[in-house]
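Please open the structure in your viewer and keep the selection panel at hand. The tour below proceeds one selection after another.

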Amino acid sequence: MINVERLAEVFANDSYEIQSVYRLVIQPKSLLREFRTLKYGFLFITRGSNKIIVNGTVYELQPGSVFHAAPGMQMEAQVTSEAELEYYSVYYNLDKHCSENSLHECNTHFRLESGVIPRVIELLLMLQQNIHTPGGLGKLRVKELFLSIMHQVLVGHKNREVSGSIDIAAIEEAVAYIKRNYMNPLTLEELAEIHAMNPKQFSYFFHKHTGVRPIDFVIQYRMERASELLRAGNFPIRDIAVSVGYANPLYFSRAYKKRFGISPSLYAQQFNSPL
């Protein structure tokens, strides 16, 4: 079984370069006879299904599957779906030190199952469009996109490892993310995307583990931080609103009163009125 944390460290820290990206559509029942791989690469399946045999190991791939192989492996493949197979192939190279280390995580074949994540498909398209952008900034953009893809895939795979369900650690991570970013605009779609789930799935597991829906948790946490600021000093309501993520102070005041039954200005007076 692939070590997700170690693989994440490899792509965060090791030296590598993305060389090429292709989007391919293969007809149903097509057969790719045995050949030897020449590069390091990932296959990201977006539509249809495929069976790959690599060094005698059989992998059944479907939308959301991510397959990795290294150079020098014997491989054959066949489209097993009635529909076309669509996938992105991303090829990269490793520096000499890593490629010569037989124990390196990338010198093997493996499959990741993150499930279908729409954001990954969007990022793959962007990666393909940017792969030939010249200059240092172009290379930086390519690596940024690739790392975003790998983060989504690895988080999604990790979330599915425990009996095919969401690990509670993923929701604890989501809670910590909200607490770090409550002052920024946050949507259900964004929170789900960051944690490699679809919005319905994310909302279900978040509610299961916390007892509240994600956006209700965001509002609750913002209001608690606002109450702290209201008690701490005589700050303008508009400044407190912006500090906890609300550009419109009137909207903030209404939301605060709805939550606590008292306006923020009246609440502040209780703590800042002269003796």
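Which residues does Ser227 touch, not counting residues up to four places away in sequence? Select Ser227 and display its surroundings: apart from those sequence neighbours, Ser227 touches Tyr256, Phe260 and Tyr267, where contact means heavy atoms within 4.5 Å. Ser227 is found in helix H8, residues 214-232; helices (H or I, at least four residues) and strands (E, at least two) are DSSP runs, numbered from the N terminus. With a relative accessibility of 5%, Ser227 counts as buried, a class that means under 20% relative accessible area, whereas exposed means over 50% and partly exposed lies in between, with a 1.4 Å probe and protein chains only.

Before going further, note that this is a predicted model, in which local features need pLDDT of at least 70 and side-chain atom pairs count only at pLDDT 80 or more, while totals for chains, interfaces and linings use all residues. Residues are numbered from 1 along each chain as its sequence is written, and side-chain values use heavy atoms, with hydrogens and water left out.

Stay in helix H8 and select Arg225, which lies there too. Arg225 counts as buried at 14% relative accessibility, and, its neighbours within four places in sequence left aside, Arg225 is in contact with Tyr182 and Val244.

**Helix packing around H4**

Two packed helices are described by the angle between their axes and the distance between the axes. Select helix H3 (residues 118-130) together with helix H4 (residues 135-160): these pack at an angle of about 160°, and their axes are 9 Å apart. Axes here are lines fitted to C-alpha atoms, for helices over the stretch in contact, and angles run from 0 to 180 degrees between N-to-C directions. H3 and H4 are therefore roughly antiparallel to each other, since angles over 145 degrees count as roughly antiparallel, those under 35 as roughly parallel, 65 to 115 as roughly perpendicular and the rest as oblique.

To see the contact itself, display Arg119, Val120, Leu123, Leu124, Met126, Leu127 and Asn130 in H3, which meet Arg141, Val142, Leu145, Phe146, Ser148, Ile149, Gln152 and Val153 in H4. The residues of this contact of H3 with H4 divide into ten nonpolar, three polar and two charged; Ala, Val, Leu, Ile, Met, Phe, Trp, Tyr, Cys and Pro count as nonpolar, Asp, Glu, Lys and Arg as charged, and the others, Gly among them, as polar.

Within H3, select Leu127, which is buried with a relative accessible area of 0%. If neighbours within four places in sequence are set aside, Leu127 is in contact with Val21, Val90, Val142, Leu145, Phe146 and Ile149. For an excursion in the other direction, draw a distance from Leu127 to Gln269: the two are 142 residues apart in sequence and 54 Å apart in space, C-alpha to C-alpha.

Next add helix H1 (residues 4-13), which packs with H4 at an angle of about 175°, the axes being 10 Å apart; H1 and H4 are therefore roughly antiparallel to each other. Val4, Glu5, Leu7, Ala8 and Phe11 in H1 meet Phe146, Leu147, Met150, Leu154, His157 and Lys158 in H4, and the residues of this contact divide into eight nonpolar, one polar and two charged.

**Aromatic groups**

Now select Phe11, Tyr16, Tyr40, Phe42, Phe44, Tyr92, Phe110 and Phe146, which form one aromatic cluster. Rings of Phe, Tyr and Trp (its six-membered ring) pair if their centres lie within 6.5 Å, and planes under 30 degrees apart count as stacked, over 60 as edge-to-face and the rest as tilted.

Centre the view on Phe44, in strand E3 (residues 40-47), which is buried with a relative accessible area of 3%. Not counting residues up to four places away in sequence, Phe44 touches ten residues' worth of surroundings that include Ser65, Val66, Tyr88, Leu124 and Val153. Phe44 and Val153 are 109 residues apart in sequence but 9.8 Å apart in space, C-alpha to C-alpha.

**Two loop residues**

Finally, select Lys29, in the loop between strand E1 (16-26) and strand E2 (31-36), where Lys29 has a positive phi of about 65° although it is not a glycine.
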